[in-house]
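Please examine the sequence and the three-dimensional structure shown below. The report that follows should be read with both at hand.

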Amino acid sequence: MKLEHKRIQPSCDTCEFFDWDDDMQDNVCIANLDEDEYARMMQSPSGRCPFYKYYDEYKSVQKQN
């Protein structure tokens, strides 16, 4: 029996590149991707976003103190 290991894709809500867009009135990914990078990300067999970067708002506040 072959076990399948599913990789958990991080939530966009915690990504540094997930931000509010006033024009679209929605949250969007603001990672600077060209067409090839976007195509690779959409066709990734693992389902993981290679551009995910965890954003910790408290970390930036700690630097200010």
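This report describes the fold, the confidence of the model, the strand pairing, the cysteines and the salt bridge.

**Overall architecture**

The structure is a predicted model. Its protein chain contains two helices and two strands, and along the sequence these elements follow the pattern β-β-α-α. The chain has 65 residues, of which 8% count as buried. The surface that the protein chain exposes comes to about 6,400 Å², and carbon and sulfur atoms supply 48% of that area. Contacts that span the sequence may also be considered: among those between residues at least 6 apart in sequence, 50% join residues at least 24 apart.

**Confidence of the prediction**

The average pLDDT of the protein chain is 76, and 74% of the residues score at least 70. Over residues 1-8 the pLDDT is below 50, and this stretch has three contacts in the model beyond near neighbours in sequence. Which elements have the lowest and the highest mean pLDDT? The lowest value among the elements, 66, belongs to α2, whereas the highest, 90, belongs to β1.

**The paired strands**

Strand β1 covers residues 18-21, and strand β2 covers residues 26-29. The two strands run antiparallel and are joined by four bridges. One residue of this pairing is W20, whose bridge partner in β2 is N27.

The hairpin of β1 and β2 has four residues between the strands. Q25 is located in the loop between β1 and β2. Its phi is positive, at about 55 degrees, although Q25 is not a glycine. Is Q25 buried or exposed? With a relative accessibility of 53%, Q25 counts as exposed.

**The cysteines**

A disulfide is a covalent bond between the sulfur atoms of two cysteines. How many disulfides does a search of the whole structure find? The search finds zero. C12 is in no disulfide, and the nearest cysteine sulfur, that of C15, is 6.5 Å away. For C15, the closest cysteine sulfur is in C29, at 6.1 Å; this pair forms no bond because the sulfurs are too far from each other. The cut-off for a disulfide is a sulfur separation within 2.5 Å.

C12 and C15 also have distinct surroundings. C12 is partly exposed, with a relative accessible area of 43%. C15, by contrast, is buried, and its relative accessible area is 11%.

**The salt bridge**

The structure holds one salt bridge. In this salt bridge the side chains of K53 and E16 meet, with a distance of 3.7 Å from N to O. Why does the pair tie together parts that are apart in sequence? K53 lies in the loop between α1 (35-42) and α2 (57-64), while E16 lies in the segment before β1, so the pair ties together parts that are 37 residues apart in sequence. K53 is partly exposed, with a relative accessible area of 44%. E16 is likewise partly exposed, with a value of 36%.

**Residue pairs apart in sequence**

Two further residues are considered next with respect to their location. D13 is found in the segment before β1 and is exposed, with a relative accessible area of 61%. Y52 is found in the loop between α1 and α2 and counts as partly exposed, at 24% relative accessibility. The table gives the separation of each of these residues from a cysteine, in sequence and in space.

| Pair | Separation in sequence | Distance, C-alpha to C-alpha |
|---|---|---|
| D13 and C29 | 16 residues | 9.9 Å |
| Y52 and C12 | 40 residues | 7.7 Å |

**Summary**

In conclusion, the predicted model has a chain with the pattern β-β-α-α. Its strands β1 and β2 run antiparallel, K53 and E16 meet in a salt bridge, and the search of the whole structure finds zero disulfides.

Technical notes: Residues numbered from 1 in each chain as written. Predicted model: local features only at pLDDT ≥ 70, side-chain atom pairs only at ≥ 80, totals over all residues. Heavy atoms only, no water. Buried < 20%, exposed > 50% of the residue type's maximum accessible area, 1.4 Å probe, protein only. Contact = heavy atoms within 4.5 Å. Areas by Shrake-Rupley, 256 points an atom, 1.4 Å probe, with all protein chains shown as cover. Salt bridge = Lys/Arg side-chain N within 4 Å of Asp/Glu carboxyl O. pLDDT = per-residue confidence, 0-100. Pairing = 2+ DSSP bridges.
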